[in-house]
Amino acid sequence: MEGIEHRTVKVNGTNIHIAEKGEGPVILFLHGFPELWYSWRHQILALSSMGYRAVAPDLRGYGDSDVPDSVDSYTCFHIIGDLVELINVVDPDEGKVFVVGHDWGAILGWYLCMFRPDKVKALVNLSPVDFWISYYGSDHYMSRFQEYGEIEGEFAEIGVERVVKEYLSDFPVLLPKGKLFKRPLDEAITLPFWLSEEEASYYVTKFQKTGFTGPLNFYRNLNRNWELLKPWVGSKIKTPAKFIMGDKDLVYGVPGMKDYIHNGGFQEDVPSLQQVVVMEGVGHFINMEKPDEINQYIYDFFTQFH
């Protein structure tokens, strides 16, 4: 990862590790679960060579950032509080940046535009994760993540390496008790073409250090976030936005999702949504699977706003 610089900044009372490279307008990259700044490695190298300063944090609870103990420290307000201060640190002159989000990072991107539109020039989001919980029931991973300590115990039995590789290979939506993953545990995992053993081992090493509780605490605040967000019910996102997802992403297949995305619901909630791109044959980890295309989409969109 040549030329990528690393530092830790204290924001919102929390030490946040960031990776950054390049000079120019700042693009803030927000990762999802179970990921790290490292998921944006291709974007950091490409966009920094195209005249941007790419900045990718490990969100609180992840990687080399602080991992607060309390579940209550992972509400949408805590995390957006981190990001607002981080924006002020990395762009002290303007205090306003471009944002790219994936998975949980995409939800945080929407929140950031809803709470602090003054901080975001434009947004590119890759794959949201809402709609799921009501549809899938008790074995659905979001439901299984709710009970503090339970899934951590099951993950511990399987081992961090296996858990991380299963997630990055084929994001499992259902986690039945006693048989979390589709493959038998004695069967070797073949990593997808876009992820080398060396790259996978970076994730494994970081999650062996931090465990999964911090990241899982994001999910444990889903209901709390719904309560906290009541004042924003019906508010529209007016930041210029572009949305990209793969048609093999399980989110895309959720009943009602295609209709919402393509038949006006999405546009109604995000009036400034300028483009929706559905990439054929591409799965959930779209920015790693198709980095060149995603880099170009990001570049082409953000260049309109200089």
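A pocket, as the word is used here, is an open set of grid points with protein on both sides within 12 Å along at least five of seven lines. With that in hand, welcome to this predicted model. The chain has 306 residues, and 56% of them count as buried. Its second largest pocket holds about 490 Å³ of space, and a few residues elsewhere have backbone features to look out for.

**The chain as a whole**

- Scrolling along the chain, you will meet 15 helices and 8 strands.
- The radius of gyration is 18 Å, close to the 19 Å that the globule rule gives for 306 residues, so the chain is as compact as a globular protein of that length.
- Along the principal axes, the C-alpha atoms fill a box of roughly 55 × 45 × 40 Å.
- Among contacts with a separation of 6 or more, 75% are between residues 24 or more positions apart.
- About 12600 Å² of the chain is exposed, and carbon and sulfur atoms supply 50% of that area.

**The second largest pocket**

- The lining of this pocket is made by 28 residues, and D170, F171, P172, K182 and L250 lie nearest its centre.
- Two elements, α4 (132-136) and α7 (160-169), each give two or more residues to the lining.
- Of these, α7 gives the most, with 3 residues.
- By type, the lining divides into 16 nonpolar, 4 polar and 8 charged residues.

**Backbone features in the loops**

- Look between β3 (26-30) and α1 (41-48) for the loop that holds P34. A cis peptide bond joins F33 and P34, with omega at about -15°.
- N12 sits in the loop between β1 (5-11) and β2 (14-21). Its phi is positive, about 55°, although N12 is not a glycine.
- D103, in the loop between β5 (97-102) and α3 (104-115), also has a positive phi, about 60°, without being a glycine.
- Are these two residues buried or exposed? N12 counts as partly exposed, at 33% relative accessibility. D103 has a relative accessible area of 0%, so it is buried, a word that stands for values under 20%.

**A residue in the helix α15**

- Q296 belongs to helix α15, which covers residues 291-302.
- With a relative accessible area of 37%, Q296 is partly exposed, because that value falls between the 20% and 50% cut-offs.
- Q296 and K21 are 275 residues apart along the chain, and their C-alpha atoms are separated by 18 Å.

Key:
Residues are numbered from 1 along each chain as its sequence is written. This is a predicted model: local features need pLDDT of at least 70, side-chain atom pairs count only at pLDDT 80 or more; totals for chains, interfaces and linings use all residues. Side-chain values use heavy atoms; hydrogens and water are left out. On a 1 Å grid over the protein atoms alone, a cavity is a set of points where a 1.4 Å probe fits but cannot get out, and a pocket is an open set with protein on both sides within 12 Å along at least five of seven lines; lining residues have an atom within 4 Å of a point. Grid points are joined across faces, edges and corners, and a volume is the space filled by probe spheres set on the points. Helices (H or I, at least four residues) and strands (E, at least two) are DSSP runs, numbered from the N terminus. Ala, Val, Leu, Ile, Met, Phe, Trp, Tyr, Cys and Pro count as nonpolar, Asp, Glu, Lys and Arg as charged, and the others, Gly among them, as polar. The radius of gyration is taken over C-alpha atoms; the globule rule is 2.2 Å times the number of residues to the power 0.38. Buried means under 20% relative accessible area, exposed over 50%, partly exposed in between (1.4 Å probe, protein chains only). Contact means heavy atoms within 4.5 Å. Accessible areas come from the Shrake-Rupley method with a 1.4 Å probe; for residues, only the protein chains shown count as cover.
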